[in-house]
Amino acid sequence: MEGVIDAATRDLLTRSAGIDWTVTEFVRVVDTRLPPRVFLRHCPELASGDPRTPSGIPVHLQLLGSDPAALAANARQALSLGATSLDLNFGCPAKLVNRHDGGASMLRDPHRLRTAVAAVHGAVGDTLPVTAKIRLGFADRRLALDCARAAEDGGARQLVVHARTRNEGYRPPAHWEWIGRIRQHLSIPVVANGDIWTLEDYWKARTLSGCPDVMLGRGALADPGLAPRIRHWQATGERRPSTGWPTKAETLLDYAATQRNILPQKVVVARLKQWMNHMRGRDSEAARCFQALRRVTELEDFLAGLRASMTPEAPALTA
């Protein structure tokens with residue numbers, strides 16, 4: 001998800017009703033207080049004084065780190081810049097992050113996890129809600145409940161649980177029933193996460209976990225219409241059809257339109273490919289388009305290929 005969940009993506013994904021709140025990409029905290037520009041780069045919505053997407057959906061600022069003092073200092077910095085909620089990332093499975101004692105590496109020691117959460121909570125008091133995200137463990141699930149309790153004991157007001165261990169990465173299946181075991185032992189709200197790609201997945205995740213709420217990650221990128229479709233189903237019991245490729249391609253074109261004057265064109269192309277990579281696993285037309293455009297590096301050529309792919313009778317793309 002890193003590199004793709006920026007302010008423009010948050011804007012696009014929240015234009016239709018469905019998402020109640022969003023989270024930034026993580027701000028990496030090592031051993032010093034970061035300057036305001038770092039926070040504003042990850043969360044430009046802070047500049048408004050009330051971080052929300054243009055549609056009014058709250059944006060939670062996420063920190064990733066392990067040093068309690070540094071986390072506390074950066075929590076205070078975030079508070080001074082106008083953050084209204086802080087989320088702590090203990091779920092990132094990336095090898096580079098884990099080698100540097102961040103993300104899911106903290107799941108090996110519940111005491112350290114609790115200390116980190118408590119440091120942030122102590123730094124902001126009751127001024128800002130502190131939330132956390134974990135996985136079911138690092139190598140195995142033996143400490144899943146201990147880590148969840150550590151987050152709660154440290155002062156987290158809500159816990160998102162990705163239903164796999166770090167070593168399981170993103171390999172199916174997601175163990176939603178384990179989230180249910182955790183939820184039964186906590187007094188704070190627990191949110192289910194992991195492998196929610198469809199309405200059926202959403203219902204299974206809710207049923208097996210017992211959680212009333214879910215968090216969408218890759219599923220929201222793969223199908224930007226998933227959250228609105230879930231919301232419609234909640235409200236009416238009616239199933240809307242899955243989002244077609246032309247609508248998904250239009251979202252990518254909208255993203256490019258907002259970013260092409262902000263980022264270098266090759267960076268925009270790279271992010272479009274990253275987004276399409278999430279789409280292609282469950283959409284044959286997206287896969288066809290991705291395959292045709294994967295070697296294209298010029299933005300105008302890439303956008304022309306996207307537009308061509310939106311026409312049903314269009315000839316096969318070549319690149």
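**Cysteines and the largest pocket**

At 1% relative accessibility, Cys211 counts as buried. This comes from a predicted model, so the cysteines here are read from computed coordinates. The Cys211 sulfur sits 17 Å from the closest cysteine sulfur, the one in Cys147, and that is too far for a bond. A disulfide would call for a pair of cysteine sulfur atoms within 2.5 Å.

The tally for the structure as a whole is zero disulfides. Cys147 is in no disulfide either, its nearest cysteine sulfur being that of Cys92, 16 Å away. Cys147 is also buried, and its relative accessible area is 1%.

Turning to open space, the largest pocket comes out at about 1,200 Å³ in volume. Its lining runs to 49 residues, and those closest to the pocket centre are Met1, Asn193, Met215, Leu216 and Gly217.

Several helices and strands chip in to this wall. On the helix side, α1 (7–13), α9 (218–222) and α10 (226–236) each give at least two lining residues. The strands that do likewise are β1 (22–23), β4 (86–90), β6 (158–162), β7 (190–193) and β8 (214–215). The largest share belongs to α10, with four residues.

As for chemistry, the lining of the largest pocket is a mix: 22 residues are nonpolar, 16 are polar and 11 are charged.

Methods: Residues numbered from 1 in each chain as written. Predicted model: local features only at pLDDT ≥ 70, side-chain atom pairs only at ≥ 80, totals over all residues. Heavy atoms only, no water. 1 Å grid on protein atoms, 1.4 Å probe; cavity = no way out; pocket = protein on both sides within 12 Å on 5 of 7 lines; lining within 4 Å. Points joined across faces, edges and corners; volume = space filled by probe spheres on them. Nonpolar A, V, L, I, M, F, W, Y, C, P; charged D, E, K, R; others polar. Buried < 20%, exposed > 50% of the residue type's maximum accessible area, 1.4 Å probe, protein only.
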